[in-house]
Amino acid sequence: MRAASWPSFVTRLAGAAPAFMLATAILCGATPATNARADQRDAASQQNLDSRVEDLLIRLTTAEKIGQLNLVSRGEPIDNQLARVRSGEIGLMLNVVHPHEVKAFQEAARTSRLGIPLLMGLDAITVFRVAMPLPLALAATWNPPLIEAATEAVARETAANGINWTFAPMVDLSRDPRWGRVSEGGGEDPYLASAIAAARVKGYRKAGLATAVKHFVGYGAAEGGREYNAVALPVSELFDRYLPPFRAALDAGSETVMAAFNTLNGIPISADRRLLTTLLRERLGFRGFVTSDYNAIGELIHHGVAGDLAEATRKSLLAGIDVDLEGAAYERHLAGEIAAGRVPMSVVDEAVRRVLRVKIGVGLLDRPQPETPPPPPEAEVRAVAREASRQSLVLLKNTGDLLPIAASVRRIALIGAWAEGDYDLSWWGPAGLTRPETLPLRAALEQRLTPGQTLTFEKGYADTCGTMPGDVARAAATAADADLAIVAVALDCDLWGEAASRTDLGLSAPQRQLVEAVAATGRPVVLLVSTSRPVVLTAVEPLAAAILVVWHGGTEGRTAIAEALAGEISPSGKLPMTFPRSVGQLPLSYDALPTSRPTGADRFTSRYVDLDAAPLYPFGHGLSYAAFDYERIETSTSFLPAQDGKISVAVTLRNNGTRTADEVVQLYIRQRVASRSRPLRQLKGFERVRLDPTERRTVTFTLTSTDLGYHDDEGRLIVEPGSFEVFAGGSSAATLSTRFDLVGETVTMMR
Ligand code: GLC
């Protein structure tokens, strides 16, 4: 198959991530002197911002204050909504997509009594027009600079339509693949998810979109993986795992936060002052505003903590929900609650201050009519999408180096309906926008056939999503006439994201039967798995010589797959979530505790009597067309102080393969003995590197003593002396290791 060329800037971005980050750090780096001047500047600008907020607040009527807390979705008739904006009843909108409508709403706001512009919000997650791979697929790149670039590209397309606020990034830790929204997050690990959260906030903000980091907090831990279900988390786990991505997003400058639907330990987040005010504002120092999720205020009635909408209104505002997203609660009942003395005006004023602070902070009041930047050239957006799709591909298995497809393979059978369609499984763009062209996989492969190679195609199942049986016999016959069979299967092609929880993560029966029939021909099988979440592949894994997870790869996704199959690129993605053998193992994550009887062969150990307790594929797993050998791991010292200690860990690897490829080097720690049982592994560093054949590289990670701590049941960070193992490798199953000691007195911090 022939190689296709691509603009060099994209490969630079892809390969030079560390240098790219280094350059950014130098450009944005600060010396003590500039720090001091920056602090003075910050204080002055903060004072100026606060005084501008007070000037506005004092002139607002009670009704206008309530209007500034009212977030309404685009509905019909538009004239009624425009009139309500003009009268000051609405201060924020969502789902207004077309530029002429955005202009009309901002014009209506400008002609309101005080002319305060609107925040125009949208779920601009990984697509506005050109679709990036789904967020979980972006997470599989383990490449924060690339994720930032992909996010910025989507944000630039969005901002060009006049939208200035996105309900993203979703940073809910995703540890249960039964939950449909794992597709929207950064995977199961707090360290990786935090790096991604920061990258995505930076990407949105570089393009001028304010962000709403969501869903605060713990939404991904819904019992049974069932959407909107209750969440129970110990404080130590909340602080160790679920809060870090939010901290990272807030540190990166997220202006707003969206509260989650769920209860946490029995209290609905939307009515929990301990989380929304004491933790988020007083402890984490958040100064922006908190919006509810869609009608989450009204849903306090379903939760059984409010008898009516008036009580729900009162409880939400007093807890720290500043903005009511489509609940029609504040607009109907807040004035009455104020008049009845059940909600102090001071609380309303503080909520309005936060909204005005964000509006002024993002520059909305600096210009009469919010200007709309030009859209980015589509080719640029596609270039980033292509690179993101390439780096998201995860090669789970490649027996006998079957992939890439050798030129000597003359007859290739491509089987699976989604391989022919241009149904872009990742497209969830705003209604009314045209979806850009996507090259089907079949066409992309045909473009890459070498002279003498042939490609035959069969649907194998009747519908794009593989839920309806097709002509399996015909598909098997096509495979029998070929030298190699590529079988394209899919999970979730249109049932992913919100309200898409599943009890079964295996392939549909029609697809399983198809794989069995094709494998029975004896031809080698390459399995392509299109999915929005981990799939249970146990039934088909033995039938395929090679397995490539292609996710829902976005507008350029199929072309990237063809490039990988043809050998133009090497897969380099790594799993951001564990792939279990069975749903019965869930929850199953790599950073489990050792238990009293660590899993072993003996019956009386932590195991199942009917299945291997290990995952099918572990967190961080992903193969390459190259062969990376981890040769050495060395620490800069054999001990470090628990107080302000720092240690470097140098990891040397070599590409013993025959082609240049990327590898994501991963660093894990384990504290053998502590006051709490500590996880078997914890990710504390990763770096994507590109190595030529025979090239040797040393990657150095820096760990601080704080990185080694854990949280206790009061949410305090405990840095406890003890012996640590540190592991390095290409997945969480890394074996190359060494040790060091953390010494001195235990350090306790309240961060
Ligand atoms: C939805 C989602 C949230 C989204 C919001 C606005 O219910 O939970 O993620 O941002 O409504 O569309």
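Visitor: Which backbone oxygen does the side chain of N229 reach?

Guide: A good place to start, bearing in mind that this is a predicted model. The side chain of N229 reaches the backbone oxygen of E223, at 2.9 Å. To place N229 in the fold, look in the loop between β5 (210-216) and α10 (235-242).

Visitor: Is N229 buried or exposed?

Guide: Here a cut-off helps: a residue counts as buried when its relative accessible area is under 20%. N229 has 14%, so it is buried.

Visitor: I would like to try that on another loop residue. Where is E568?

Guide: E568 sits in the loop between α21 (557-566) and β17 (628-635). Its relative accessibility is 19%, so E568 counts as buried too. Its side chain makes a polar contact of 2.6 Å with the side chain of R448.

Visitor: Let us turn to the ligand. Which residues are around the ligand?

Guide: The residues around the ligand are D123, F167, R181, K214, H215, M258, F261, D293, Y294 and E498. By class, this shell has 4 nonpolar, 1 polar and 5 charged residues.

Visitor: Which side chains have polar atoms facing oxygen atoms of the ligand, and at what distances?

Guide: Three cases are worth finding in the structure. In the side chain of D123, an N or O atom is 2.5 Å from a ligand oxygen. For K214, a polar side-chain atom lies 2.8 Å from an oxygen atom of the ligand. For E498, the corresponding distance from a polar side-chain atom to a ligand oxygen is 3.1 Å.

Visitor: How much of the ligand's exposed area does the protein bury?

Guide: The protein buries 90% of the 310 Å² that the ligand exposes when taken alone.

Visitor: K214 and H215 were both in that shell. What is the peptide bond from K214 to H215 like, cis or trans?

Guide: The way to read this is through omega. The peptide bond from K214 to H215 is cis, with omega near -5 degrees. H215 is found in strand β5. Another cis peptide bond joins A168 and P169, where omega is about 5 degrees. P169 lies in the loop between β4 (165-166) and α9 (190-206).

Visitor: Now the strands. How do strands of a sheet pair?

Guide: Strands of a sheet pair through backbone hydrogen bonds, and the sense is either parallel or antiparallel. For a parallel case, take β2 and β3, which are joined by 3 bridges. L92 has L119 in β3 as its bridge partner. On the way from strand to strand there is a helix: β2, α6 and β3 make a right-handed β-α-β unit.

Visitor: Which strand does β3 join through 2 bridges?

Guide: That is β4, and β3 and β4 run parallel. In this pairing, G121 stands opposite W165 in β4. Strand β3 (residues 119-122) is also covered on both faces, with L119 and G121 buried on one side and M120 and L122 buried on the other.

Visitor: In what sense do β12 and β13 pair?

Guide: Strand β12 (residues 411-415) and strand β13 (residues 454-458) pair in the parallel sense, over 5 bridges. One position to look for is L414, whose bridge partner in β13 is F457. Together with helix α18 (residues 441-446), β12 and β13 make a right-handed β-α-β unit.

Visitor: And what is the order of the open sheet of 3 strands?

Guide: The order is β23-β24-β27, and the pairing is antiparallel. The edge strands are β23 (710-711) and β27 (747-749), each pairing on one side only. Between β23 and strand β24 (residues 717-719) there are 2 bridges. H711 has L717 in β24 as its bridge partner.

Visitor: One last feature, the backbone angle phi. What is phi of D644?

Guide: Phi of D644 is near 55 degrees, a positive value in a residue other than glycine. D644 belongs to the loop between β18 (639-641) and β19 (646-655). With 68% relative accessibility, D644 counts as exposed. N95, which is not a glycine either, has a positive phi of about 65 degrees. N95 is in the loop between β2 (92-94) and α6 (99-110), and at a relative accessible area of 31% N95 is partly exposed.

Conventions
Residues numbered from 1 in each chain as written. Predicted model: local features only at pLDDT ≥ 70, side-chain atom pairs only at ≥ 80, totals over all residues. Heavy atoms only, no water. Near = heavy atom within 4 Å. Polar contact = N/O pair within 3.5 Å; in protein donor to acceptor, adjacent residues only side chain to side chain. Areas by Shrake-Rupley, 256 points an atom, 1.4 Å probe, with all protein chains shown as cover. Nonpolar A, V, L, I, M, F, W, Y, C, P; charged D, E, K, R; others polar. Pairing = 2+ DSSP bridges. Helix = DSSP H or I, 4+ residues; strand = E, 2+ residues; numbered from the N terminus. Right-handed = clockwise from strand over helix to strand, strands pointing away. Buried < 20%, exposed > 50% of the residue type's maximum accessible area, 1.4 Å probe, protein only.
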